[in-house]
Amino acid sequence: MNPEDKKRIAAEAAVDHVKSDSIIGVGTGSTVNHFIDLLAAKMANQVKAAVSSSEASSERLRGHGIKVVDLNEVGKLDLYVDGADESNAQLHLIKGGGGALTREKIVAAASREFVCIADDSKLVDVLGAFPLPVEVIPMARELVADSLRALGGEPRLRNGTITDNGNQILDLHGLAISDAPDLETRINQITGVVSNGLFAHRPADVLILGTDQGVVTHTAGSD
Ligand code: 5RP
C-alpha cells in the first residue's frame, strides 16, 4: 500500500471516534486533510463545529460546509484528531512539520482525547531523526539558536516560513531524544521560544497507523 493510502485508512478509522452533535478539534497536514474530507463525506451534517489548528485546515473545513469556531467560545473538547511527524511507543510525538505546532498544542491541551493518525513510517524507536520544530519570536531567533546548540542540537531556520502566529521556526537537527518530557520542558524554558514540537507532557492517547496489513491501533503502554 502506498503512503497516501495508509494515511487515508488511518484517517477513516479516526472518523469512527467522532460523536454526532459534537465540536471536535482538527489538526493540520496531509493526513488530516484525508480526515477532513472523509468526515465531510460521512458525518458533515452530524458535526456541530470544529476548532482548527491552522488557517489551512479552517479553509478546508469551511470548504466542506463545516463550521469553524474559536476555542474561547467552546472551552473543553471531547476529541482532537491530528497527524504527527514521529511517534515513539509511549505516544510521545514530534509535530510541527507543517508549522502549526503552537496551535496544535493548544487544541491538544484543550481536548480530553487526542487521536493521532499516521502512516506506519512515523512510528520510531527513538525520536529525533525528524528535525524538532521550535517556534520562536523573530527578534529572539539567534538568542534561542545559541541555547538550542547548548542542548546538543543544530538549529536551522526554516526559510520562507512564517507561522499563523507571525513567528519563525527553527528546526533542530541531530538529536536522539531519550527523555522527551525533559527536553520539552528545557526548550520551553528558553526565553523567546513560543513552543516546541515535542508532545510528551500531553502525548497522544491513541495512535492509529495505516499499514500494509490495514489499520493498527496503539495506546500508550500497549506495546
Ligand atoms: C503540522 C503537523 C502535522 O501533523 C505533521 O507534520 C504530519 O503531517 P502529515 O500528515 O502531512 O505527514 O504537525 O504542523
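**Aromatic rings, charges and the ligand**

Trainee: What makes K105 a residue whose charged end sits over the ring of F199?

Mentor: The charged end of K105 is placed 5.4 Å from the centre of the F199 ring. The term requires NZ of Lys or CZ of Arg within 6 Å of the ring centre and within 35 degrees of the ring normal, so 5.4 Å satisfies the distance condition. K95 also has its charged end over the ring of F199, at 5.6 Å from the centre.

Trainee: On what basis are such values stated?

Mentor: The model is predicted: local features need pLDDT of at least 70 and side-chain atom pairs pLDDT 80 or more, whereas totals for chains, interfaces and linings use all residues. Residues are numbered from 1 along each chain as its sequence is written, and side-chain values use heavy atoms, without hydrogens and water.

Trainee: Why is the aromatic pair of Y80 and F114 called tilted?

Mentor: The ring centres are 5.1 Å apart, with 45° between the planes. Phe, Tyr and Trp rings (for Trp, the six-membered ring) pair with centres within 6.5 Å; planes under 30 degrees apart are stacked, over 60 edge-to-face and the rest tilted, so 45° gives a tilted pair. Y80 belongs to strand β3 (residues 77-82) and F114 to strand β6 (residues 111-119), so the pair ties together parts 34 residues apart in sequence; strands are DSSP runs (E, at least two residues), numbered from the N terminus. Together with F199, these two residues form one aromatic cluster.

Trainee: How do you know that D171 and R158 form a salt bridge?

Mentor: Their closest N and O atoms are 2.9 Å apart. A salt bridge needs a side-chain nitrogen of Lys or Arg within 4 Å of a carboxyl oxygen of Asp or Glu, so this pair qualifies. D171 lies in strand β9 (residues 168-173) and R158 in the loop between β8 (154-157) and β9, 13 residues apart.

Trainee: Are D171 and R158 buried or exposed?

Mentor: Relative accessible area is 11% for D171 and 16% for R158. Buried means under 20%, exposed over 50% and partly exposed in between (1.4 Å probe, protein chains only), so both are buried. By contrast, R156 at 41% is partly exposed, and E154 at 42% is likewise partly exposed; their side chains meet in a salt bridge at 3.1 Å, N to O.

Trainee: What makes the approach of G98 to the ligand a polar contact?

Mentor: A backbone N or O atom of G98 lies 3.2 Å from a ligand oxygen atom, and a polar contact is a pair of N or O atoms within 3.5 Å, so the pair counts.

Terms used: Helices (H or I, at least four residues) and strands (E, at least two) are DSSP runs, numbered from the N terminus. A polar contact is a pair of N or O atoms within 3.5 Å; within protein, one must be able to donate a hydrogen and the other to accept it, and residues adjacent in sequence count only if both atoms are side-chain atoms.
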